[in-house]
Amino acid sequence: MREIKFSYIWKRKEDGHLWEVIVPIECLEGKGDTPFLGNDLWDLLARRQFTGLKDKHGKDIYEGDF
C-alpha cells in the first residue's frame, strides 16, 4: 500500500518566495502540525498527491510532475 501524502506549493505575498511543504495524511487528519493552512500571508499555488512512484534518482513523483 502506498504512502498517502501531498505536496503543497505556496507563494509568499510579500516577496513572491516559493515554498514547498510535504504533508502526510496524518497532518491533514488533525494528528500533526500543518504549516501555512489558514495563513493570509501565503497564496496556495498547487496541491499535488504523491503517486507512490519514485524517479530514477529516488525522488518522489507527485501528480502533474513531468
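K54 is found in strand β3, and this lysine is a good place to start exploring the model, which is a predicted one. Leaving aside neighbours within four places in sequence, K54 is in contact with K59, D60 and I61. With one of these residues the link is polar: a contact of 2.5 Å joins the side chains of K54 and D60. From here, the tour moves out to the fold, the sheet, the core and the charged pairs.

**The overall fold**

- The chain contains one helix and four strands.
- Reading along the sequence, you will meet these elements in the pattern β-β-α-β-β.
- The chain has 66 residues, and 21% of them are buried.
- Take the contacts between residues at least 6 apart in sequence: 45% of these join residues at least 24 apart.

**The sheet**

- The four strands make an open sheet in the order β2-β1-β3-β4, and their pairing is antiparallel.
- Which strands stand at the edges? They are β2 and β4; each has a single partner strand, so one side of each is left without a neighbour in the sheet.
- From one strand to the next, the twist averages 35 degrees.
- A helpful rule for looking at any such strand is that, when it is regular, its side chains alternate between the two faces of the sheet.

**How the strands pair**

- β1 and β2 run antiparallel and are joined by seven bridges.
- One residue to look up in this pairing is K5, whose bridge partner in β2 is P24.
- β1 and β2 also form a hairpin, with five residues between them.
- In the turn of that hairpin, G16 has a positive phi of about 80 degrees.
- On the pairing of β1 with β3, the sense is antiparallel and there are seven bridges.
- Here W10 can serve as a landmark, as its bridge partner in β3 is L44.

**The nonpolar core**

- Which residues make up the largest nonpolar core? The seven members are F6, Y8, W10, V21, V23, C27 and W42.
- Two strands, β1 (5–12) and β2 (18–24), each supply at least two residues of this core.
- β1 gives the most, with three residues.
- W10 therefore appears twice in this tour, as a member of the core and as the bridge partner of L44, and it counts as buried because core residues are buried by definition.

**S7, a buried serine in β1**

- S7 is found in strand β1.
- Is S7 buried or exposed? With a relative accessibility of 0%, S7 counts as buried, because the cut-off for buried is under 20%.
- The side chain of S7 makes a polar contact of 2.5 Å with the side chain of E20.
- Not counting residues up to four places away in sequence, S7 touches E20, V21, I22, A46, R47, R48 and Y62.
- Of these, V21 is also a member of the largest nonpolar core.

**Salt bridges**

- How many salt bridges does the structure hold? There are seven, and three of them are described below.
- *E3 and K5.* Their side chains meet in a salt bridge, at 3.7 Å from N to O. E3 is partly exposed at 46% relative accessibility, whereas K5 is buried at 11%.
- *R12 and D15.* In this salt bridge the closest N and O atoms are 3.0 Å apart. R12 is partly exposed, with a relative accessible area of 28%, and D15 is partly exposed too, with 49%.
- *D65 and R48.* The closest N and O atoms of this salt bridge are 2.2 Å apart. The pair links distant parts of the chain, 17 residues apart: D65 lies in the segment after β4 (60–62), and R48 lies in strand β3 (residues 42–54). D65 counts as partly exposed at 33% relative accessibility, while R48 is buried with a relative accessible area of 16%.
- Salt bridges that share partners also join E3, K5, K54 and D60 into one network. That brings the tour back to K54, the residue in β3 where it began.

Definitions and conventions
Residues are numbered from 1 along each chain as its sequence is written. This is a predicted model: local features need pLDDT of at least 70, side-chain atom pairs count only at pLDDT 80 or more; totals for chains, interfaces and linings use all residues. Side-chain values use heavy atoms; hydrogens and water are left out. A nonpolar core is a set of buried Ala, Val, Leu, Ile, Met, Phe, Trp, Tyr and Cys residues joined through side-chain atoms within 4.5 Å. Buried means under 20% relative accessible area, exposed over 50%, partly exposed in between (1.4 Å probe, protein chains only). A salt bridge is a side-chain nitrogen of Lys or Arg within 4 Å of a carboxyl oxygen of Asp or Glu. Two strands pair if DSSP finds at least two bridges between them. Axes are lines fitted to C-alpha atoms, for helices over the stretch in contact, and angles run from 0 to 180 degrees between N-to-C directions. Contact means heavy atoms within 4.5 Å. A polar contact is a pair of N or O atoms within 3.5 Å; within protein, one must be able to donate a hydrogen and the other to accept it, and residues adjacent in sequence count only if both atoms are side-chain atoms.
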